[in-house]
Amino acid sequence: MSDVATSGAYYLPAGLPAPVPEPDGLDRPYWEGTRRGELMAQRCNRCHAWQWGPEWICHACLATDVGWARVDGRGVIYSWERAWHPVHAALKGHGPYIVVLVELPHAGHIRMLGNLLGDPHQTVTIGAPVEAVFEAHDDAKTPFTLVHWKPV
Amino acid sequence: MKDRTLRGKVALAGIGETTYYKHGQAPTSEFQLALEAILKACGDAGVDPREIDGFSSYSNDRNDPSRIAAALGLPALRFSNMQWGGGGGGGSAAVGNAAAAVAGGVADCVVVFRALAQGQFQRFGAAPPLATVSGEPAMTFPYGLISPAQRFAMRVMRFMHEHGVRHEAQRAIALASYHHAQSNPRAVMHGRPLTAEAYDASRWIVEPFRLFDCCLENDGAAAIVVVSADRARDLPRRPAYLLGVAQGSEHRNAARAHNAPLYATSSFTTVVPRLYDMAGVTPADVDVVQSYENFTGGVLMSLVEHGFFAAEEANDFLRVDNLLAPSGRLPLNTSGGNLAECYMHGLELVIEAVRQLRRESTAQVPDAEVSMVISGPMVTPVSSLILGGESTL
């Protein structure tokens, strides 16, 4: 999970809405982690259950003492889609791209989203192993980093 | 508390619809469309519009009941209800909420309505013009995971993977809707039949959905008058009695960023048992089904979860002939539905379910007495209802 795509070489064209942390701060540790090249997820300080997406309470034991832990960026493809129709002006003429839902078996089977790097026409196999890749958008008005996945 | 049921206590006594338009082509404002559908429903029911004392809607309908009540000069407003949640998940629930109000003595004559003029507002299928996003959209939009089709494609992909469902199963659902629309002059796709070849040749929107797997976007309005069963018997039209209704979704269905534990469902697995329990019927008793098609894949999951066949039987069951009125095993979306009649957010499906019981459908199932509506697969909450004729009470 050390790969960091160089600025300007983005999987999708520039112009899509940029992610910003929620005003209440709930998901700030995740977005700050991506800037460091670290994948962070919630983990309950009381019962140690993993939780994603973030919430203000642990769904397993109802403790409000929900912490964050670094997650190893390895997982398996749980589902996927290949998008063709451009629903946003930035995607017009771009051609297909792949979105994957990745299950992290070592982190309570939580799932994370991202694009699947490589040939957008590639055969995608549910259950195939993938690895996180960090794509830094340092040139954005408020810099952010996206997490993609690549086959391993 | 005894007798905790709505079964047989209320009826859908009147139905009204505007002309259905392609999106952006409504000649009047969305609010006018809502008023027109409401007045038509009252006319159909034989009820003076001034008798309306409640409104029920869903999916954040923009037309405020208080404004409607003022516009119509209603003497009193006793019930105004908005079902939480987006998409078409509230179509049956809005009827259920109206029915609960009537059965519980909160109001006497509640109108369920939905009005949409997408040309006058943001379209569902296009990305809103945002520079930044936060919360769940921050985890999806930057990856080009934005539209409803993109949001649901991965649930269907996973379902098809788990159960070996082939694309032809989705195709059969699309072909059935288009087939039924050809006998329905109200349908936006009337006169525009769809062949298997044209379906197969259509472009991908997002795999596993082709163009014809996706609903339309339309302008129009629909309304339904809900009154007590006793009152309905004094009105001119054959009452469509509410036998059962249920809403909700599964354990942590809304866990963000696609973390629902039961991911590959249309959200009905915990809703359906209560639906059938209240209605006192089984899947085998259902004569005709209107199943909300945001996308065909959602319909096939809905039909599985409502017990019409097992997921492993989907390829065999979902053949066009099985889905056609008058004599298919399970006549489906007999007006053309969201794919081919009109995307009135599924309220047109409730109206078609009433028509089947009145023997007035343009794709009539002979002697239909148990008529089901399934609202909003894959969103949360979802809802379903079962209507029955006099013989079912």
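**Exercise 1.** Which residue is the bridge partner of A18(A) in β6(B)?

*Solution.* The model under study is predicted. Begin with the strands concerned: β2 of chain A covers residues 18–19 and is joined to β6(B) by two bridges. These two strands run parallel. Within β6(B), A18(A) has T132(B) as its bridge partner.

**Exercise 2.** Describe the side of chain B that touches chain A, by element and by residue class.

*Solution.* Step one concerns the extent of the contact: chain B contributes 37 residues and chain A contributes 33 residues. Step two assigns elements to the side of chain B that touches chain A: β6 (132–133), α4 (148–163) and β7 (204–207) of chain B each provide at least two of its residues. Among these, α4(B) gives the largest share, namely six residues. Step three sorts the residues of this side of chain B by class: 20 are nonpolar, eleven are polar and six are charged.

**Exercise 3.** In what order do the strands of the open three-stranded sheet in chain A lie, and which strands form its edges?

*Solution.* First, establish the order, which is β4-β3-β5 (chain A), with antiparallel pairing. Next, identify the edges: β4 (50–51) and β5 (66–71) of chain A each pair on one side only, and these are the edge strands.

**Exercise 4.** How many bridges pair β3 with β4(A), and which residue of β4(A) does R43(A) stand opposite?

*Solution.* Strand β3 of chain A spans residues 39–44 and pairs with β4(A) over two bridges, in the antiparallel sense. The residue of β4(A) opposite R43(A) is W50(A).

How values were computed: Residues are numbered from 1 along each chain as its sequence is written. Chains are lettered from A and ligands numbered from 1 in the order in which they are written. This is a predicted model: local features need pLDDT of at least 70, side-chain atom pairs count only at pLDDT 80 or more; totals for chains, interfaces and linings use all residues. Two strands pair if DSSP finds at least two bridges between them. Helices (H or I, at least four residues) and strands (E, at least two) are DSSP runs, numbered from the N terminus. Two residues are in contact if their C-beta atoms, placed from the backbone, lie within 7 Å. Ala, Val, Leu, Ile, Met, Phe, Trp, Tyr, Cys and Pro count as nonpolar, Asp, Glu, Lys and Arg as charged, and the others, Gly among them, as polar.
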